[in-house]
Amino acid sequence: MTQSPNPSALPQFSQLTIQGEDAEKFLQGQLTCDVTKLGLSYQAAAICNLKGRIEFGIWIKKQAEKHYDVVISSDCADALQAHLKKFGAFSKFDTSAPATIYPCVLADAPTFSHKDDHNTAKDTEAWMACSIATGNYWIVAATQGEFQPQELRLHQSGGMDYDKGCYLGQEVIARIYFKSAPKAFLHYIKGTGALPAAGDKLDKIQVVNAMENDNGFIALIVARPEHLAESDLNILDLPAALQVDVARPK
């Protein structure tokens, strides 16, 4: 029987609206994805620090012309707002205050909803399980600055563009992509024992997200294949697009 997480431990998310004359140009210089290609569906993306590591893991969609909706873990929302204010001081756009948005699963895919009908622990648990199974990781305050985008396979889920031009951390990210490859990267696993928290280390393996499951837990982890092979963790299959080599195709 699947165990239910403590409701207070369930992830919570906030939405910020960014709109104005310079919204697209500003976001293009911040995000790993190509903002000009966004549509009405949420796209996973990131804002990185200068070391090329993910500072803010987000989902973003273009709601209308010069109007973008951004979803982020609630414990990172204030920091994101401060970041936007700092880097966008000379750009013409407005940022709304964070508003609660609910994680849910629609059409067998993890997404978000403003409808109160989706404000349930059952919906959140379903979103967590579906997200972990499909590699839809979420960055929380404890994991800010911990992971490089390729380690989380963001380039394989449409959240990175290597031809769009400069953005925060782009030089480091591009160098890894074109000249090397991450040695540790995202896997979907099942384990036994106590539920680990986001950012915890299981020996040489780092937890991204986890939730309780039958007699143990399921999780997204970042690990070297050789370290994973030496562990007691059971490797499960991610979607086919996230099973390929994380290195740049030759």
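Biologist: What share of the contacts in the protein chain with a separation of 6 or more comes from residues 24 or more positions apart?

Modeller: Such residues account for 65% of those contacts, a contact being heavy atoms within 4.5 Å. This is a predicted model, in which local features need pLDDT of at least 70, side-chain atom pairs count only at pLDDT 80 or more, and totals for chains, interfaces and linings use all residues. Residues are numbered from 1 along each chain as its sequence is written, and side-chain values use heavy atoms, without hydrogens and water.

Biologist: Why is the protein chain called as compact as a globular protein of its length?

Modeller: The radius of gyration, taken over C-alpha atoms, is set against the globule rule, 2.2 Å times the number of residues to the power 0.38. The chain has 18 Å, close to the 18 Å that the rule gives for 250 residues, so it is as compact as a globular protein of that length.

Biologist: What makes C48 count as buried?

Modeller: Buried means under 20% relative accessible area, exposed over 50% and partly exposed in between (1.4 Å probe, protein chains only). C48 has 1% relative accessibility and therefore counts as buried. C104, at 0%, counts as buried also. Of the 250 residues of the protein chain, 50% count as buried.

Biologist: Why is C104 not bonded to C130?

Modeller: A disulfide is a pair of cysteine sulfur atoms within 2.5 Å. The sulfur of C130 is the closest cysteine sulfur to that of C104, yet it is 10 Å away, too far for a bond.

Biologist: How many disulfides does the structure hold?

Modeller: It holds zero disulfides. C48 is likewise in none, with the nearest cysteine sulfur, that of C33, 11 Å away.
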